[in-house]
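Please open the structure in your viewer and keep the sequence panel visible. The tour below proceeds by selection, one stop at a time.

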Amino acid sequence: MSSKNRKTTRNFVKQRNQFFEQCKAENAVCWLCGMPIDYSMQPNTGDDSFNLDHLYPISKRPDLQEDPANFRPSHASCNNLRGDREPNLPIGTLSRQWIPSEYGEPKPAPAPKPKRLGVII
Ligand SMILES: [Zn+2]
């Protein structure tokens, strides 16, 4: 028995690149926080860069890893925060609760590393 879990196949790389180009063309926003994604960056090169998220995490549905219907555009940082948990928002609804600085609240900045968006919780 061979495990397909988290295996990055050539087909998946192709699908992922296609999905990136598609989202870039549509200027799709992050499905987790509803904020724009920086498509001038290469995927997975920074917090605001594009990251292919899976609606159903690969850990739960490895069979859907290469299914484009399971792909969602997200920020690399948002995808990291989500991990393998269920997203805490209904699909198709934008949540701004992730971005307290959007409401004009002063953002405490204890992190030594400069961040472009206040997406760290
Ligand atoms: Zn996001």
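Which residue of S2 is the bridge partner of leucine 52? Select leucine 52 together with proline 73: proline 73 is that partner. Please bear in mind throughout that this is a predicted model.

**The whole chain**

Display the entire protein chain, which has two helices and two strands. Followed along the sequence, these elements give the pattern α-β-β-α. Of the 121 residues of the protein chain, 20% count as buried. Among contacts between residues at least 6 apart in sequence, 58% join residues at least 24 apart.

**The paired strands**

Next, select residues 50-54, which form strand S1, and residues 71-75, which form strand S2. The two strands pair in the antiparallel sense, over five bridges.

Now restrict the selection to S1 and show the side chains. Phe50, Leu52 and His54 point one way from the strand, while Asn51 and Asp53 point the other way. Are these residues buried or exposed? On both sides, all of them are buried. Because five of the five residues of S1 are buried, this strand is largely enclosed by the rest of the structure.

**The helix H1**

Move to residues 10-26, which make up helix H1. This helix has 17 residues and reaches 25 Å from its first C-alpha to its last, close to the 24 Å expected at 1.5 Å a residue. Immediately after H1, select asparagine 27, whose phi is positive, near 55°.

Within H1, select glutamine 18. This glutamine counts as exposed because glutamine 18 has 12 C-beta neighbours inside 10 Å, and a residue with 12 or fewer is classed as exposed. Add proline 68 to the selection: the C-alpha atoms of glutamine 18 and proline 68 are separated by 9.5 Å, although the two residues are 50 residues apart along the chain.

**Confidence along the chain**

Finally, colour the model by pLDDT. The protein chain averages 79, and 64% of the residues score at least 70. Which element has the lowest mean pLDDT, and which the highest? Among the elements of the protein chain, helix H2, residues 76-82, has the lowest mean, 90, and S2 the highest, 97.

As a last stop, select residues 90-103, over which pLDDT stays under 50. For this segment the model has 17 contacts beyond four places in sequence.

Notes. Residues numbered from 1 in each chain as written. Predicted model: local features only at pLDDT ≥ 70, side-chain atom pairs only at ≥ 80, totals over all residues. Helix = DSSP H or I, 4+ residues; strand = E, 2+ residues; numbered from the N terminus. Pairing = 2+ DSSP bridges. Expected span 1.5 Å × (residues − 1). Contact = placed C-beta atoms within 7 Å. pLDDT = per-residue confidence, 0-100.
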